[in-house]
Amino acid sequence: MTTIDLEHVLAGPVVEAAPKLLGCRISHGATTIRISEVEAYSGKGMDPASHAHKGPTRRNASQFGPPGHAYVYFTYGMHFCLNVVCEPEGVGGGVLLRAGEVVEGIEDARRRRPGVKDRDLARGPARLTVALDVDRRFDGTALLGDGPLRLRPPEGTVGPARSGPRTGVSSAADIHWRFWIDADPTVSPYRPHVPRKRRPG
C-alpha cells in the first residue's frame, strides 16, 4: 500500500484532494472517524456554492489560511460542519467532511449521539461533528500535526470511489464534486436542494 503525502495533496487543487481524503482518519481525543464521503468547494471564483466564492470574511477567514487546517462553520442555527482547507494559502478551497465510520472511541460517540445506530453516528456532516465533539472552537486548527484534531492517511485498502452532484446546494448543483466510497453503509443519502417555502403573512 502506498501512503499518501497529505501535506502535498492538500496544497493542490481541491477537486483532486477531495477523493484522496476518502479512507483517511480524523481524530479528536479518543474518537477516530474513517472518512467515507466528502464534497469539494473551490475558492477560485468558479464555484458559487463555496463560502469562499466572494472572498474572505470574518466567518470564512480560516478557509483562506494554510492548507491542512480546519474550517468549521455554523449552519441553520444548530449545526457545525468540518472542512479541510486545501489549495495554496489565500485561495480559499475546502473539502467538507460529509460522513464516516467511527473506528475508535465508539462509546464516546454513542454517548454524544444516544439511541443512534452505529452506522449513523457520523453519517452526515452535522452528525460527524457531534460524534467527534467538534465545534467553532476548532476553526483554524492545524490538522496534520499533534494538535487536538488530527488527520491521518488511510490504513489498509480503500474501496473504489464514486462521484456525483453535491447534496443540497442551490448553485452549481450539477457539478460532480461529491465523492464517496462505493457501497459504504456510512455514506449519507443524496438530497437535492429544495427551496424553503415562505410562511404566509
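The legends below describe close-up views of a predicted model.

**View 1. The hairpin formed by strands S3 and S4.**
Strand S3 covers residues 70–75, and strand S4 covers residues 79–86. The two strands run antiparallel to each other and are paired over six bridges. Within this pairing, Tyr-73 is found opposite Cys-81 of S4. Three residues lie between the strands of the hairpin, where Tyr-76 adopts a positive phi near 55 degrees. Strand S3 is mostly covered, with five of its six residues buried. In a regular strand, side chains alternate between the two faces of the sheet.

**View 2. The cysteines Cys-81 and Cys-86, and the absence of disulfides.**
A disulfide is a covalent bond that joins the sulfur atoms of two cysteines. The structure contains zero disulfides. For Cys-81, the closest cysteine sulfur belongs to Cys-86 and lies 16 Å away, which is too far for a bond. The sulfur of Cys-86 has its closest cysteine sulfur in Cys-24, at 11 Å, and this separation is also too far for a bond. Cys-81 has a relative accessibility of 5% and therefore counts as buried. Cys-86 is buried as well, with a relative accessible area of 0%.

**View 3. The surroundings of Ser-188, in the segment after strand S8.**
Strand S8 spans residues 178–181, and Ser-188 belongs to the segment that comes after this strand. Ser-188 counts as buried because its relative accessibility is 5%, below the 20% limit for that class. When its neighbours within four places in sequence are left aside, Ser-188 contacts Glu-37, Arg-98, Ala-99, Arg-123, Gly-124 and Arg-178. One of these partners, Gly-124, is 64 residues from Ser-188 along the chain, yet the C-alpha atoms of the two residues are separated by 5.5 Å.

**View 4. Two salt bridges, Asp-135 with Arg-137 and Arg-136 with Asp-139.**
Side chains of opposite charge can pair when their charged atoms come close. The side chains of Asp-135 and Arg-137 form a salt bridge with an N to O distance of 2.8 Å. Arg-137 is exposed, and its relative accessible area is 58%. A salt bridge also links the side chains of Arg-136 and Asp-139, with an N to O distance of 3.5 Å. Arg-136 counts as partly exposed at 32% relative accessibility. Asp-139 is likewise partly exposed, at 23%.

**View 5. The salt bridge between Asp-182 and Arg-162, and a network of charged residues.**
The side chains of Asp-182 and Arg-162 meet in a salt bridge, with 4.0 Å from N to O. Asp-182 is located in the segment after S8 and Arg-162 in strand S7 (residues 161–164), so this pair ties together parts that are 20 residues apart in sequence. Asp-182 counts as partly exposed, with a relative accessibility of 35%. Arg-162 is also partly exposed, at 47% relative accessibility. In addition, Glu-37, Glu-39, Arg-98 and Arg-178 are joined into one network by salt bridges that share partners. Among these residues, Glu-37, Arg-98 and Arg-178 are also in contact with Ser-188. A search of the whole structure finds 16 salt bridges.

Methods
Residues numbered from 1 in each chain as written. Predicted model: local features only at pLDDT ≥ 70, side-chain atom pairs only at ≥ 80, totals over all residues. Heavy atoms only, no water. Buried < 20%, exposed > 50% of the residue type's maximum accessible area, 1.4 Å probe, protein only. Helix = DSSP H or I, 4+ residues; strand = E, 2+ residues; numbered from the N terminus. Pairing = 2+ DSSP bridges. Contact = heavy atoms within 4.5 Å. Disulfide = S-S within 2.5 Å.
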